[in-house]
Amino acid sequence: MKSLYDALDALIPAPFGFVGVRCDENGEELQFLLHALPLKANPNPRARAVAAQVSAYLENPHITWQTITPNRGTPFQQRVWQAMREIPVGETRTYGQLAAAIQSGPRAVANACGANPLPLFNPCHRIVASNGLGGFMQGIEGGLDIKRWLLAHEQRTR
C-alpha cells in the first residue's frame, strides 16, 4: 500500500471529504481522506473509470462495480472481501457473522477489513461490532464519521 502522502491518480469530492484513487501494476486502491492530496502529473488512465464509479456510488450506492481489479491481498483476505461484496446495500453483518460464514474468527475478519485496499467495492463499512459500530480505517481520525455517513447513505436509498 502506498503512503498516505503519495500523489493520487484521481480525487473525488465526497460529503465527508474526499475519496482518493491510486492505480498501479497491482490494481486499484481507494482511500478515504478528510483533506485533498496532490494529483500525479501523469495519472494512470484506469483511475478515470474508477473515479467515475466512486462518483456514481456517492450519488446512488446501488451501482454495479466494474473495472476494479481486486488482485491485492492474501487468499484469506480475498475470501473475506468477496464475502463483504455479497452483503446487500443497506444491510450490515457483524464481524462474528461474517467470520461464521467463511469459517474463520472475528479478529481475522477485522484484520482483513483493516487491510482492505478497495473500500466501497469491498464494503467493509457494512461490517459492524455485535455491540455497536465497530472500527473503520484502522482508527484514523474521522474514520467512524465516514463509516456512519456511508451506512446512512445506503439506508436512505433502500
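## Strand E3 and its neighbours

In this predicted model, cysteine 23 has glutamate 28 as its bridge partner in E3. That pairing belongs to a bigger pattern: strand E2 (residues 17–24) runs antiparallel to E3, and seven bridges join them. Just two residues sit between E2 and E3, and the two strands make a hairpin.

Is strand E3 largely enclosed or not, and how many of its residues are buried? Seven of the seven residues in E3 (residues 27–33) are buried, so the strand is largely enclosed by the rest of the structure. As a general point, side chains in a regular strand alternate between the two faces of the sheet.

Now for the rings. The chain has four aromatic pairs. One of them brings together phenylalanine 16 and phenylalanine 32, whose ring centres are 5.6 Å apart, with 85 degrees between the planes, making the pair edge-to-face. Phenylalanine 16 lies in the loop between strand E1 (10–14) and E2, while phenylalanine 32 belongs to strand E3, so this pair ties together parts that are 16 residues apart in sequence.

How accessible are the two partners? Buried means under 20% relative accessible area. Phenylalanine 16 comes in at 13%, so it counts as buried. Phenylalanine 32 has 8% relative accessibility, so it is buried as well. The story goes on to Trp149, since ring pairs link Phe16, Phe32 and Trp149 into a cluster.

Stepping back to the whole chain, there are five helices and five strands. Reading from the N terminus, the order of elements is β-β-β-α-α-β-α-α-β-α.

What about overall dimensions? A compact globule of 158 residues would have a radius of gyration near 15 Å, and the chain has 15 Å, so the two agree. Here are the whole-chain values side by side:

| Property of the chain | Value |
|---|---|
| Radius of gyration | 15 Å |
| Box filled by the C-alpha atoms, along the principal axes | roughly 45 × 35 × 30 Å |
| Exposed area | about 8000 Å² |

As for what lies inside and outside, 46% of the 158 residues count as buried. Carbon and sulfur atoms supply 53% of the area the chain exposes. Contacts across the sequence are worth a look too: of those between residues at least 6 apart, 57% join residues at least 24 apart.

To pull the local picture together, E3 pairs with E2 through seven bridges, has seven of its seven residues buried, and holds phenylalanine 32, a member of the ring cluster with Phe16 and Trp149.

Terms used: Residues are numbered from 1 along each chain as its sequence is written. This is a predicted model: local features need pLDDT of at least 70, side-chain atom pairs count only at pLDDT 80 or more; totals for chains, interfaces and linings use all residues. Side-chain values use heavy atoms; hydrogens and water are left out. Buried means under 20% relative accessible area, exposed over 50%, partly exposed in between (1.4 Å probe, protein chains only). Helices (H or I, at least four residues) and strands (E, at least two) are DSSP runs, numbered from the N terminus. Two strands pair if DSSP finds at least two bridges between them. Rings of Phe, Tyr and Trp (its six-membered ring) pair if their centres lie within 6.5 Å; planes under 30 degrees apart count as stacked, over 60 as edge-to-face and the rest as tilted. The radius of gyration is taken over C-alpha atoms; the globule rule is 2.2 Å times the number of residues to the power 0.38. Contact means heavy atoms within 4.5 Å. Accessible areas come from the Shrake-Rupley method with a 1.4 Å probe; for residues, only the protein chains shown count as cover.
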